[in-house]
Amino acid sequence: MITIVTAHPYDKSFNRHILDEIARQFLDLGREFQLIDLYADGFQASMSTTDLAGFSRGVTKDPLVEKYQQMLRHTEHIIFLFPVWWGMMPAIVSGFFDRTFLKGVIYDTTPEGALMPCLDIKQTTVVTTSESPTAMFEPFFAGYLPSHVFDTVGMNGFRWFNCDHITSGSDAHRSEFLASVLKYLAQ
């Protein structure tokens with residue numbers, strides 16, 4: 001199953017257009033997918049004291065978090081789609097990791113304390129948009145994020161696409177970016 005995790009509050013954004021085009025392509029290709037729309041779902045990004053109390057035991061009282069975990073367990077290809085704000089992913093995406101990636105559910109540890117993935121996701125694609133140049137974000141999005149977050153939970157086969165100059169760039173620039181993402185996802 002393909003799972004798309006998206007995070008943008010504005011339904012007329014370029015991110016939404018990308019989502020719509022990815023969904024259209026998957027439907028045209030007969031590929032099943034499920035959608036996690038963090039804003040539309042009303043996902044609460046901040047970890048509560050109740051969340052923290054259950055974190056290391058893999059316990060949540062949030063049915064939405066349980067739903068997301070179940071979706072992740074049945075995912076072969078995960079696609080994250082979000083804007084880069086203040087040089088980072090939106091807080092709601094970070095909160096998704098904080099609240100959903102629970103010990104014993106999404107990852108575990110060896111007796112020595114080493115992290116061990118519980119997921120077996122074959123392909124991980126991150127699609128971002130930013131005003132600043134892609135090179136500014138490369139150390140985090142192409143370095144830290146795949147090796148310290150995705151690999152540790154079993155999200156493999158990482159690929160990152162960023163459309164920079166999102167507001168100052170031309171329509172042709174955005175169209176070329178979208179075409180490259182769709183071409184990759186059609187494989």
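In this predicted model, the largest pocket has a volume of about 270 Å³. Its lining counts 16 residues, and those closest to the pocket centre are Phe97, Asp98, Phe101, His148 and Val149. If you are setting up a view of the site, those five residues are a handy place to look.

Which helix gives the largest share of the lining? That is H5, with 7 residues. H4 and H5 each supply at least two residues of the lining. Sorted by class, the lining of the largest pocket looks like this:

| Class of lining residue | Number of residues |
|---|---|
| Nonpolar | 12 residues |
| Polar | 3 residues |
| Charged | 1 residue |

Now for H5 itself. This helix covers residues 138-153, 16 residues in total, and spans 21 Å from its first C-alpha to its last, close to the 22 Å expected at 1.5 Å a residue. Along the way there is a kink of about 50° at leucine 145, shortly before proline 146. Just after H5 comes glycine 154, with a positive phi of about 95°.

Both residues at the kink, Leu145 and Pro146, are among the buried residues of H5. The others in that buried set are Phe140, Phe141, Val149, Phe150, Thr152 and Val153. Val149 thus appears twice in this picture: it is buried in H5, and it is among the residues closest to the centre of the largest pocket.

What covers the buried residues of H5? The cover includes helix H4 (91-100) along with strands S3 (77-83), S4 (107-109), S5 (115-117), S6 (123-129) and S7 (158-163). H4 therefore belongs to that cover and also contributes to the pocket lining.

Methods: Residues are numbered from 1 along each chain as its sequence is written. This is a predicted model: local features need pLDDT of at least 70, side-chain atom pairs count only at pLDDT 80 or more; totals for chains, interfaces and linings use all residues. Side-chain values use heavy atoms; hydrogens and water are left out. Helices (H or I, at least four residues) and strands (E, at least two) are DSSP runs, numbered from the N terminus. The expected span of a helix is 1.5 Å times one less than its number of residues. The bend at a residue is the angle between axes fitted to the seven residues ending there and the seven starting there. Buried means under 20% relative accessible area, exposed over 50%, partly exposed in between (1.4 Å probe, protein chains only). Contact means heavy atoms within 4.5 Å. On a 1 Å grid over the protein atoms alone, a cavity is a set of points where a 1.4 Å probe fits but cannot get out, and a pocket is an open set with protein on both sides within 12 Å along at least five of seven lines; lining residues have an atom within 4 Å of a point. Grid points are joined across faces, edges and corners, and a volume is the space filled by probe spheres set on the points. Ala, Val, Leu, Ile, Met, Phe, Trp, Tyr, Cys and Pro count as nonpolar, Asp, Glu, Lys and Arg as charged, and the others, Gly among them, as polar.
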